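Visitor: I should like a close look at a single part of this structure, described in connected form. Please begin with the local backbone and then move outward.

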Protein chains: 6
Amino acid sequence: MLLHLSTWAEIESFLARSKTVVIPIGSNEQHGPTGLLGTDWLCPEIIAHEAQKDGDILVGPTFNIGMAQHHLDFPGTIALRPSTFMLAIGDWCRSLAHAGFTKLYFLNGHGGNVATIEAAFSELYAEASYAGRDRGFACKLKNWWDLAGVTALANQQFPVGHGSHATPSEIAVTQWAYPDSIKSANYAPQIAPTGPIREAHDFRARYADGRMGSDPGLATPEKGGELVKLAARSLLEDVAAFGAETR
Amino acid sequence: MLLHLSTWAEIESFLARSKTVVIPIGSNEQHGPTGLLGTDWLCPEIIAHEAQKDGDILVGPTFNIGMAQHHLDFPGTIALRPSTFMLAIGDWCRSLAHAGFTKLYFLNGHGGNVATIEAAFSELYAEASYAGRDRGFACKLKNWWDLAGVTALANQQFPVGHGSHATPSEIAVTQWAYPDSIKSANYAPQIAPTGPIREAHDFRARYADGRMGSDPGLATPEKGGELVKLAARSLLEDVAAFGAETR
Amino acid sequence: MLLHLSTWAEIESFLARSKTVVIPIGSNEQHGPTGLLGTDWLCPEIIAHEAQKDGDILVGPTFNIGMAQHHLDFPGTIALRPSTFMLAIGDWCRSLAHAGFTKLYFLNGHGGNVATIEAAFSELYAEASYAGRDRGFACKLKNWWDLAGVTALANQQFPVGHGSHATPSEIAVTQWAYPDSIKSANYAPQIAPTGPIREAHDFRARYADGRMGSDPGLATPEKGGELVKLAARSLLEDVAAFGAETR
Amino acid sequence: MLLHLSTWAEIESFLARSKTVVIPIGSNEQHGPTGLLGTDWLCPEIIAHEAQKDGDILVGPTFNIGMAQHHLDFPGTIALRPSTFMLAIGDWCRSLAHAGFTKLYFLNGHGGNVATIEAAFSELYAEASYAGRDRGFACKLKNWWDLAGVTALANQQFPVGHGSHATPSEIAVTQWAYPDSIKSANYAPQIAPTGPIREAHDFRARYADGRMGSDPGLATPEKGGELVKLAARSLLEDVAAFGAETR
Amino acid sequence: MLLHLSTWAEIESFLARSKTVVIPIGSNEQHGPTGLLGTDWLCPEIIAHEAQKDGDILVGPTFNIGMAQHHLDFPGTIALRPSTFMLAIGDWCRSLAHAGFTKLYFLNGHGGNVATIEAAFSELYAEASYAGRDRGFACKLKNWWDLAGVTALANQQFPVGHGSHATPSEIAVTQWAYPDSIKSANYAPQIAPTGPIREAHDFRARYADGRMGSDPGLATPEKGGELVKLAARSLLEDVAAFGAETR
Amino acid sequence: MLLHLSTWAEIESFLARSKTVVIPIGSNEQHGPTGLLGTDWLCPEIIAHEAQKDGDILVGPTFNIGMAQHHLDFPGTIALRPSTFMLAIGDWCRSLAHAGFTKLYFLNGHGGNVATIEAAFSELYAEASYAGRDRGFACKLKNWWDLAGVTALANQQFPVGHGSHATPSEIAVTQWAYPDSIKSANYAPQIAPTGPIREAHDFRARYADGRMGSDPGLATPEKGGELVKLAARSLLEDVAAFGAETR
């Protein structure tokens, strides 16, 4: 069930049977010469939308801009400062909690988001902690590649050249979902270098075409489909477990 | 051309021929008993995506959460505080300007966003004004219903019962684009009341089913299609004019 | 009754008969070659102070600095960033509400303030909306030229050359109240150009002497007096209506 | 010369002969059973306006709301949080400095403002310090009672019962300037108690009628006039010295 | 009793007999050619740690970074912006108050901290004041040199050349506590100049070696020991008085 | 070399041979029935202070309060909100970078700090990224248990009952450094439970005595000494590698 294609009355009904909502969250940022700028928000959106076809979960609108400051020297990247990102996550959570949701599940598509999202959760919890009261809701962050079995499958699909940015697995997922937007390029080197992540100038100097450690040329729509199907199944299980969790 | 389905290299190429980017911006909020929660971000997205099929414009990812605090007592609404909204708009603009865009065109789908978006633009301009320098980019806000001819068409389609929230015109647009998500309900009264907008408690007390002044039962997918086609054409003209503007 | 010339005990007594307070709000910014820098805060102050002579309303101190970033390249302008302006409006409102006022009426003298003031109101309402409680007070923004009959009178007085900044109507109001501070200059062109409002550099480049679309040479103290008398009467009616309003 | 009754061109001319501007700053807060709510912003305004009749100084609009949280339980008080106050002072200073003023002189009327104003100055300086550059302007805070000779005169006028809030000296100043707004009351006790200043609840519990250590019944308009005349003369000297100061 | 060398259970026990906690607070900033960078946080730490050996007080961890923007052009200085400093003080206080402490005593070692700490306290009180409730705790700021008898002793020890920054008294205190870190230098001039404090560039231009008005060559460990012993005794008395204070 | 026991001139000399500074960073929070409240800031301080005896590194003052909101229901805990923590880290880094340090190495003692510190680094980098310039310095976060060999040694010392909060390894480190502050208690259960971390109420409900997964009874000062010696050696190597790193 997609929240944005529902009415408020339908959400009211859903809340009578579940207090859990799934929010795809990612980033809009360069993904090398062939990766789509939307890759990191499209992947969790694709997986969550696929999952809700087979299970009674509620999927909210996609939080499509994240912590991508290091990619800003590649055009098309849109980044929130961590402080802005935290405030926005806070307002999303407060809104959903006000409606009665008690389990807020963020399915994440961007490794660079993790620290800031966790900090945002702590900021929300801290409000309650200083005030000496229950927060009333719990937040959970799950990267889609950390869903049960997914990284194992990706490792099997891409034993070399997976890397950490513009990876063949994430590109494969978007190829499966957007077959009309498959791009091609020559990669030089075939497998991109790795190293630290700092400001945008430093990033572009280190990673000339934007990739980190990856060979996106390994991606195929078929492999993407396998990843999506597995991730969607695992997501339903993980969401159910989170929803069932009590103190 | 959709930014999120492009690579950074494609955006670099686009920048060689245009410095204008279109951002659909809206809100995820209750729209009465039959309106989709996503109505206000879906409408500008639908129109902008339609327009880019016929013209060489670049459409960015949709800014899908806005100033909707007054709707929070209806579940499914997600709202940013104005202060958060302004910070996020600022980061979007700074990111796009850093890439080289000099004309940032926001196609808006939510009247409640207008004041905060304008304040956000002023905040951005103020940075340059205090520093005594050019800002380097210009921002423009356009509500989709203010595109040339659109309100006239809506008035002709819905001479009574248009209202100001959960209007038949916006619902028609989403019906055209999402025919599988057309909802129905009995409206009582057929035309909703009107009045001021304050906090969420007050809003729900005044507007029992969420509508303001409207009769959404008048919406049809066909009328929505007419609106989209006209708005898309007008958008291309308006974007071209903005792009051509010099001091 | 002027709040700042009253004691707290007198305000306590006033609150026993009315919960409404009127705040003149404006901006201190250039107003062309002959307009006073204080024009935008003096006008609502003049009108409100005049009105309280004839009706039992309470007029607070004047909020004299607003959203004027675009005028900063003309000396004497003092501007608040929108974010600062919103925080300050918030603290004014919280203070007055804490005292027991439930209707906060802002009589505004600067068009550039409107978006930010509305955003500030929404920020205040949002606090209550997220918390699921009544705000306890209502805010209203009224531009003095939107008081009943005022624009009609100004149009009659100044059928051409009214414009939108450094208008003859606002300058006439200050001429009536501060006859010792009437300035003169040659205007070239007689009617100033119009266009968009962006950062200060851009503004000064577009509007060489600071006016927008206006011919301030049409102003006279007599016309100002007519405007003040009418606006003051309309203000009393509008404040009474707001005070009487219930949900 | 009053900034708000001048045009931008007149300020431009003034800047050719002086880079100093005087800002009266105070607070709108309860001042006991007979003190005006505006006392703390009226006093520096009265003195500065008087001074500019006799000397070529520029007096800006009055910053009329300050750090008055402790008075909030007395109606009519309007307070800025220190954080808001600092941001607003910052924007005033940035605006005036942008125009070319290099000496920003704040004539203060409220002891409770001192810490926050000093913190605001440090915040402004810190921006330049981190950036490794000159700030380009200097800020000075002067309480009107610290102007040369003023406290000595007040001690002579009011050898007992001066106290620290709702003092006879400040009330005398407003009596001189606003003779139509002189109030009277019985004071019990004649001299109010003293003690610490904390939150508003605590303040009202300690200081039943709002005074601290004072007997405002000693105030007369004549004594107020003496104070104003002396303070105005001293202000001119102090402003001249500040303006002449070089590193 | 040192909080950081205690367990939470020991603090729980302490709270059963006292609700007061002492926080040494200072700054890490240049102290002239021979003063330790830590001087301003070491002094209150030394005194408070000494005092807790002789009396049943609880001393928290040292707040070691403060308002030192003006010293930033001397390496080793670490400064918080006033706004950051206030937020951090706020979180310390909220944490300690949440645990049950009602008297928060800050023993300060840096004059430049005073305004910001006082503003931070007001910010905390303001939260309660706007909300119309008791704050539940009281804050007190005491400079260690303002403890009973301390300045008198310092004046006796250093009748000339005490000055206001890198003073012989504070340097003597650190010499007594850290005899292995006593430094020496030639001072030119022997007594440093005095003047205003503004941004870091201005400060370094005025005060070439970082001192203000002082001759640190007068410091000896013995004098430092005398100061510490006296200050520690006075601290115990002052803390006891604060703890005993009721409204 | 300890920064706080040095003069600014000594730091200036150090900068001529190294641009790297080490900042111990931790948290002041409950550590179970026997762990010191200061454990998480004492451990990195102990290790860094030990290391600087054997190598020419500069160790700054300890950042002793961190992200500990979940521990607030145990008295003695002092927590910064993530947003405050980020601002403070930012000011530390800006101060040190202004002095000329280009490698800022944070030796961390609290797992709960990691996300916020990383977010703080990204916030700092983002400033430069939006502005299109080099940041000029690099930040590195290292948990002391992630120094080469340390976790392996801890696993060998404590094959069972290490856990994740109030671990025997961290308690052993403080026992070695503060032998007079070794505490004892009966643990029930001997090994504490594990689970998620949310707000303080939830935390105390889940973890009755504050431990997570650990048996602190296994700690001995001797094991602590082994850990410190190894960690100090590894720290010197890691700092040297970071200092030598170029793009």
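Guide: In this predicted model, C:Ala166 is buried, with a relative accessible area of 0%. Its phi is near 60°, a positive value in a residue other than glycine. C:Ala166 is placed in the loop between α5 (150-157) and α6 of chain C. Chain B offers a counterpart: B:Ala166 has a phi near 60°, again positive although the residue is not glycine. B:Ala166 sits in the loop between α5 (150-157) and α6 (168-177) of chain B, and B:Ala166 is buried, at a relative accessible area of 0%.

Beyond α6 in chain C lies another backbone feature. The peptide bond running from C:Ala188 to C:Pro189 is cis, its omega near 0°. C:Pro189 belongs to the loop between α6 (168-177) and α7 (200-206) of chain C. In chain E, a cis peptide bond likewise joins E:Ala188 and E:Pro189, with omega about 0°, and E:Pro189 lies in the loop between α6 (168-177) and α7 (200-206) of that chain.

From the backbone, one may turn to a charged side chain in chain D. D:Glu29 lies in the loop between β1 (20-25) and α2 (39-54). D:Glu29 is buried yet has no salt bridge; D:Arg211, the nearest side chain of opposite charge, is 13 Å away. The side chain of D:Glu29 does make polar contacts with two histidine side chains, that of D:His71 at 3.2 Å and that of D:His110 at 3.1 Å. Apart from neighbours within four places in sequence, the residues in contact with D:Glu29 include D:Leu36, D:Leu37, D:Asp40, D:Met67 and D:His165.

The interface between chains A and B completes the view. Here 51 residues of chain A are in contact with 51 residues of chain B. The area buried between the two chains is about 4100 Å², with carbon and sulfur atoms giving 63% of it. On the chain A side, A:Leu5, A:Trp8 and A:Pro75 lose the most area to chain B, together 18% of what that side buries. Between these chains there are 4 salt bridges; one of them pairs B:Lys183 with A:Glu10, whose closest N and O atoms are 2.7 Å apart. Residue pairs in polar contact, both at pLDDT 80 or more, number 22. Helices α1 (8-17), α2 (39-54) and α3 (82-99) of chain A each supply at least two residues of the side that touches chain B, and α3(A) gives the most, with 10 residues. The residues of that side divide into 25 nonpolar, 17 polar and 9 charged.

How values were computed: Residues numbered from 1 in each chain as written. Chains lettered and ligands numbered in written order. Predicted model: local features only at pLDDT ≥ 70, side-chain atom pairs only at ≥ 80, totals over all residues. Heavy atoms only, no water. Helix = DSSP H or I, 4+ residues; strand = E, 2+ residues; numbered from the N terminus. Buried < 20%, exposed > 50% of the residue type's maximum accessible area, 1.4 Å probe, protein only. Lys, Arg positive; Asp, Glu negative; His and termini not counted. Polar contact = N/O pair within 3.5 Å; in protein donor to acceptor, adjacent residues only side chain to side chain. Contact = heavy atoms within 4.5 Å. Buried area = accessible area lost by both parts, 1.4 Å probe. Nonpolar A, V, L, I, M, F, W, Y, C, P; charged D, E, K, R; others polar.
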